[in-house]
Amino acid sequence: NKDDGKKEIWIYTSLYKDTIADMNPKLEKAFPHLKINWYQAGSEEIAAKVNTELIAGAPKADILISSERFWYQELSDSGKLVSWRPSQFENFAPEYQNQLGTFHVVSVPIMVLVYNSDVIKAEDAPKSFKDMANPKYKGLVNGGSPLASGTAFTTVLALQHKYGWEFFHDLKKNNFLFDGGNSAVIKRIQTKERPIGFVLLENVLRFQNEDQRLKTVYPEDGVVTQFNTMGIPKRSGDMSDTLKLADWFFGQDGQEAMTRSYMHSPLKNFSPPVGAPPLSELKVRAFPWTEDLIKELTEKRFEIKETYVEIMFK
Amino acid sequence: MSSVEFKNVTKDYQGNVILKNLSFKINDGEFVSFLGPSGCGKTTSLRIVAGLEKNSGGEVSLGGEIISSPEKSLFVPTRERNLGMVFQSYAIWPHMNIFENVAFPLRMKKTSEAEIKKSVEDVLQMVELGGLSERMPSTLSGGQQQRVALARGLVARPKVLLLDEPLSNLDAKLREKMRKDIRQIQQHFKITCIYVTHDQVEAFSMSDRIMIMEKGNILQFATPSEIRANPVNDFVKDFIS
Amino acid sequence: MSSVEFKNVTKDYQGNVILKNLSFKINDGEFVSFLGPSGCGKTTSLRIVAGLEKNSGGEVSLGGEIISSPEKSLFVPTRERNLGMVFQSYAIWPHMNIFENVAFPLRMKKTSEAEIKKSVEDVLQMVELGGLSERMPSTLSGGQQQRVALARGLVARPKVLLLDEPLSNLDAKLREKMRKDIRQIQQHFKITCIYVTHDQVEAFSMSDRIMIMEKGNILQFATPSEIRANPVNDFVKDFIS
Amino acid sequence: MKKLGLYALLVFLFFLCVYPFIFLGHSFSFENGQFDFAIYKRAFTNPMTIRSFINTMVVCGSTVFISTLISLPLAWLLTRTNLAFKGFWRTVFCLPYAIPPFIGAIAWIYLANPSNGLLRPILPWINVYSRPGLILVMSAFFYTFVLINLLSALEKIDPSLEEAARISGANSWQVFFKVTLPLVMPSLISGMLLAFLSAIANFGIAALIGNAAGISMLTTQIFIFQKMASYTGLKLSGILSLGLLLIAAIVFYLDHVISKRFRFSLVTGKVARPSLIELNKSKFPVQVILSLLAIIIFVLPIGAILIAALSKLQGDRSLSNFGFQNFHTIFFKTDETYRAVWNSVLLAISAAFACSLIGYGLSQAGKKLSLPVNKVKEAFVAIPYAVPGTVLALSLILTTLSLRLPLYNTLGIILLAYVAKFLNFSYRIINDGVTQVDQTLIDAAQVAGANSWQIFTKIWIPILRPFLIASFFLVFMPAFSELTMSVLLTGPGNETIGTLIFQLQEYGDASGGGAAVLAFCVLVLIIVLNGTLKIATKGKYGL
Ligand SMILES: Nc1ncnc2c1ncn2[C@@H]1O[C@H](COP(=O)(O)OP(=O)(O)OP(=O)(O)O)[C@@H](O)[C@H]1O
Ligand SMILES: Nc1ncnc2c1ncn2[C@@H]1O[C@H](COP(=O)(O)OP(=O)(O)OP(=O)(O)O)[C@@H](O)[C@H]1O
Ligand SMILES: [Mg+2]
Ligand SMILES: [Mg+2]
């Protein structure tokens, strides 16, 4: 067996399968002495699995990459993560330079609005997130469930912060359907069950050649940028291989793979994914994440989830 | 009116002929025994009378009316035939206690609760199971179960009573008593009775007439004295000796 | 060596006493009938010999060795007792055809296929079921099923044979033949036989000794002529008359 | 020696079904060595929890009621009458069980969502996103538990018991309700129990339809906690699942009270001939009604899945959009497809065998155990079933890691999870069979000199055949496409059909098309498997 005697490394990630398939050959070449195992699942499955491993006192994951930024914060706060700096740290856009060093943003998915042009004419399409509460879109709008999807939750946090709970009451009145993850949203838009929705840009760009009906709107009230985050759980023993491997994701090959998967790079001077505007352009109106805001929301997130459920399950 | 009549009744299971062209008439209030070696078709005939099995050909009449005729696509379902039956395999319901087992035919007739109580206690007394009415069937001995089956067949005083070896697991004393009781009830209520037995003594002592069968045929159908005096052939002679 | 001995055997179901202190000895190769009214404990005694029921007290011995004694926490499981048994309720396995039902005890003994075939055909011939070996039990008449049960009990020539009303559903002719055959096999192979019956004639004509029971007690245990000559009490006298 | 085996079985049962939860509960209840009351308070006094509890009871109770209403007449028709095409109908009505419930829910959303459900043009009022919608969709899957249990029991009753009732003047109705039904009551209750437990533990339908309808269920509430992706959330979800255990315990107690009145042998040693009731005039209407029912529960959802599988783009209903592109992608472009199918077949067969065997052992052990011990045993078996899959998976992870069992990230832990989860099916159904067989049939074999093993293979297995088949399928089918636990337990090379469906569903290319292809193939595979089995064994084995 060619894997005999190789050191095993486990990467738990919510990156898409084709992204992994894209990176794998390069990784094998770069790290011939490592056997890299992927556990690929949703951010929440990863969180549940890792939390359980930690409770059992036997962490198995070497590297974590998923979109639940708040969870990394929690892990970091309880001292479970290694502090380190990628070699490219200096090239990070300033807002992504995490001085703590316990987790770093690998890529930046972006939440946008999408509609099905079979049903909605361009001039009738919503212009902003706020528009979704407009009665004229009653029964037409949907989004991912903040209970099921980390990115949907991040979006809800942003919208709540910006517009308050009133906005969600209006959404409810508009028969807004919050359910599933991003692919479920795309599917509902495609099947016209709900022809309008908020969804990750990468999910739309994947279809840019196949399904011309899907139209993207970069909302006037700003896209919501997400955090595809990497963290390294503390393990006993030599961690140099792990760190080297982790650093690879921030290098040329790693970041190119991310953009090929339609996510933006957190590094300056990296070209945007095919079909997407550059991050700098989107950032002009993007939701203004700041350290303090993130901290505040991290603390309030349970409360927000509960209030959200209260409103939506009335 | 509850005579039972077979006209050219046949029965086969996938070509396996069990009853070959049976024709006979049992009169209203008559007590007839079916006698014959094991496997000759007694139970099958009884089940055809009951409508639990359909004859493959011929006509079955009850009280002068045809109740089953495949040629005429006519078939009166069992429950409308107003019968009592004691099964060779007892068929006691395991989920009811003795009382409820026996009371069942009365309940189907919407008899009043008081009357049910009285009738059931009486018939249980008669089969010497008084006092066991609360027991569940699985706690009874073989002979006790057989007596429950008998009590259930008798309790509703049906117009036609079909008995399939109802006493085979009882001892001579009890058997004798049962025979007398059955005969008494039968005569008192003018019940037409078909009695399947393998016991010549029983058949000869109880019956108005006896039908002797062999391999799905009727060999002889006559009164006990006639059969004894003039057995139609050697088989009958031999069988009743 | 296959005598059967009970020493102060008792049996109760949750306080309900069924057998009261039975003591008796059946000699090697002897043919003993249990006779008694329905519900007196015949089947229960038989099941205790077979080890299908555990006695609540006392000792049961087989061939001089104790096989069941609750006091000594001793219990030899049924399959090691080398018995044959014919059940009152037949206990035919519904999923096996007749041949397989009868062949089962031989298969358990790892008899050769050729021998099984011969023995089964022979015993089926004897109970007059030759030719039915491929049939499934549900297509047999009551008497035919009973004969399958009998054939299964006899086929392996056990050391001790327990028969629980094995002929109750057969006609007089067949019954007589079966009695003779059973007796012949029993004597030829020196089988110790316990025969439960409700039929006095049967008991008196077949047995070396008869045990008369009532309500869980032994009333008399003696040869037929002795019992006929000196019944111990009125009950016995009355019962055998 | 026998006693030893018995205790070994019970200890095994304890470690498989109870210990992981005790371990989990313990880990979650203590914070820095202190018992954490606050977390219990937070989990159970939350108004959402209370509302979910009420919803769960109402929805699941109604589901069981409707399931019973569908299953009773179906079972009667399939076993007691001369219904034409019986074998075909039987298979058709047992098969909805093979559709993974969450796939079925997706199909129903496709068919009956209030915006553009396929059925809207014909039935404009139809709306899955509603309480009746939720109940009906659940019933359309979980009735199979009741049906399969009933079928195996009805097949085994000595027919002369029913004939005796007909002689007594009972009409078909009365025969059924006064004799047949009480006789099969233990099986009916087991079926209802399984349906209820399945419904309360179900996540797929509850989430997909319940969420959108604004009806929160206990499982979705647990999910909400768990999906907080935080340590506290994880703890809350674990603790709330103890609430499900409590419901299961109550249900078990009720079962105990009701069913101790119904225990008796249905398979006796005197064999009677079955006779069938003729349908005569109702022959045709019955076929029509069955066809309609089959269309609703089986054909429509499968049709919806097939449409999704054939759509290149979801929702585009123009003819040019249909083709086999998704099939091509799944079978020729996805290298793990074959591995996943192989793993799932292997796991499902092993789980089905293991569960049936253990279930049989536990049923037999029941005869030697005292009543209270028996009840405890039954509750043990039911625990993993009543707990949501994620919690079971997590507690197994926790246990195997803590005990340093070399199972983590292997197929072994997935198998263990399946066995724990589905053992309840096998145990319930086989236990009904075992208690219904007249003891003298076993006695006769003992007398003939058969040892325990011979009695098992030569008497029990053939007599219990319908129960064993039901047990096998009841485990095989859900295990084959199991998703919730597999997703957490899988590792590289350990893909199962469920995890693959999840991948395709969540991250896939054709958003749903690929998952539909797999779901459709699972169904075809099960139909083919069942068909071959039936033909190969001349109708003896198979649904
Ligand atoms: N589980 C039980 N609980 C209470 N009583 C029982 C139980 N099982 C059997 N009995 C009683 O034990 C007595 C003896 O039963 P057994 O079957 O030995 O009778 P038997 O002599 O074989 O009668 P028969 O000739 O009618 O078959 C009967 O009165 C029966 O009612
Ligand atoms: N399904 C079947 N297929 C073939 N033969 C059958 C079927 N059912 C019954 N038989 C045969 O029909 C014949 C008549 O059976 P029946 O039960 O009427 O006999 P019987 O006279 O009652 O006998 P017994 O005195 O033994 O009860 C038997 O030889 C039996 O084997
Ligand atoms: Mg008969
Ligand atoms: Mg008896």
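This text leads through a predicted model, from the arrangement of its chains to the domains of chain B and then to two magnesium sites.

Four pairs of chains touch in this model, and the pair with the most contacts is that of chains A and D. Other pairs are well separated in space: chain A does not touch chain B, and the nearest C-alpha atoms of these two chains are 47 Å apart. Chain A likewise has no contact with chain C, the closest C-alpha atoms of that pair lying 48 Å apart.

Within chain B, the assignment gives two domains. Domain 1 is assembled from three segments, 1-82, 159-174 and 181-241, whereas domain 2 is formed by residues 85-157. Domain 1 of chain B contributes 23 residues to the contact between them, and domain 2 of chain B contributes 15 residues. The C-alpha centres of these two domains of chain B are 24 Å apart.

The size of an interface is often expressed as the accessible area lost when its parts come together. Between domain 1 and domain 2 of chain B, the buried area is about 1700 Å², and carbon and sulfur atoms supply 65% of it. On the side of domain 1 of chain B, the elements that give two or more residues to this interface are H1, strand E8 (160-164) and helix H5 (172-188). What polar links join the two domains of chain B? Nine residue pairs are in polar contact across the interface, with both residues of each pair at pLDDT 80 or more. Salt bridges between domain 1 and domain 2 of chain B, in contrast, number zero.

Helix H1 of chain B also takes part in a metal site. The magnesium ion (ligand 3) has Thr43(B), through OG1, and Gln88(B), through OE1, as its protein donors, at 1.9 to 2.3 Å. Thr43(B) belongs to helix H1 (residues 42-50), while Gln88(B) sits in the loop between strand E7 (83-86) and helix H2 (98-108), so the pair ties together parts of chain B that are 45 residues apart in sequence. Thr43(B) and Gln88(B) are both buried.

A second site is found in chain C. Here the protein donors of the magnesium ion (ligand 4) are OG1 of Thr43(C) and OE1 of Gln88(C), lying 1.9 to 2.2 Å from the ion. This pair links distant parts of chain C, 45 residues apart: Thr43(C) is in helix H1 (residues 42-50), and Gln88(C) is in the loop between strand E7 (83-86) and helix H2 (98-108). Are these two donors buried or exposed? Thr43(C) has a relative accessible area of 24% and is therefore partly exposed, whereas Gln88(C), with a relative accessible area of 12%, is buried, the cut-off for buried being under 20%.

Definitions and conventions: Residues are numbered from 1 along each chain as its sequence is written. Chains are lettered from A and ligands numbered from 1 in the order in which they are written. This is a predicted model: local features need pLDDT of at least 70, side-chain atom pairs count only at pLDDT 80 or more; totals for chains, interfaces and linings use all residues. Side-chain values use heavy atoms; hydrogens and water are left out. Donors are N, O and S atoms within 2.8 Å of the metal (3.2 Å for Na, K and Ca); water is not among the atoms, so sites may look incomplete. Helices (H or I, at least four residues) and strands (E, at least two) are DSSP runs, numbered from the N terminus. Buried means under 20% relative accessible area, exposed over 50%, partly exposed in between (1.4 Å probe, protein chains only). Contact means heavy atoms within 4.5 Å. Domain bounds come from an automatic or database domain assignment. Buried area is the accessible area (1.4 Å probe) that two parts lose on being put together, summed over both. A salt bridge is a side-chain nitrogen of Lys or Arg within 4 Å of a carboxyl oxygen of Asp or Glu. A polar contact is a pair of N or O atoms within 3.5 Å; within protein, one must be able to donate a hydrogen and the other to accept it, and residues adjacent in sequence count only if both atoms are side-chain atoms.
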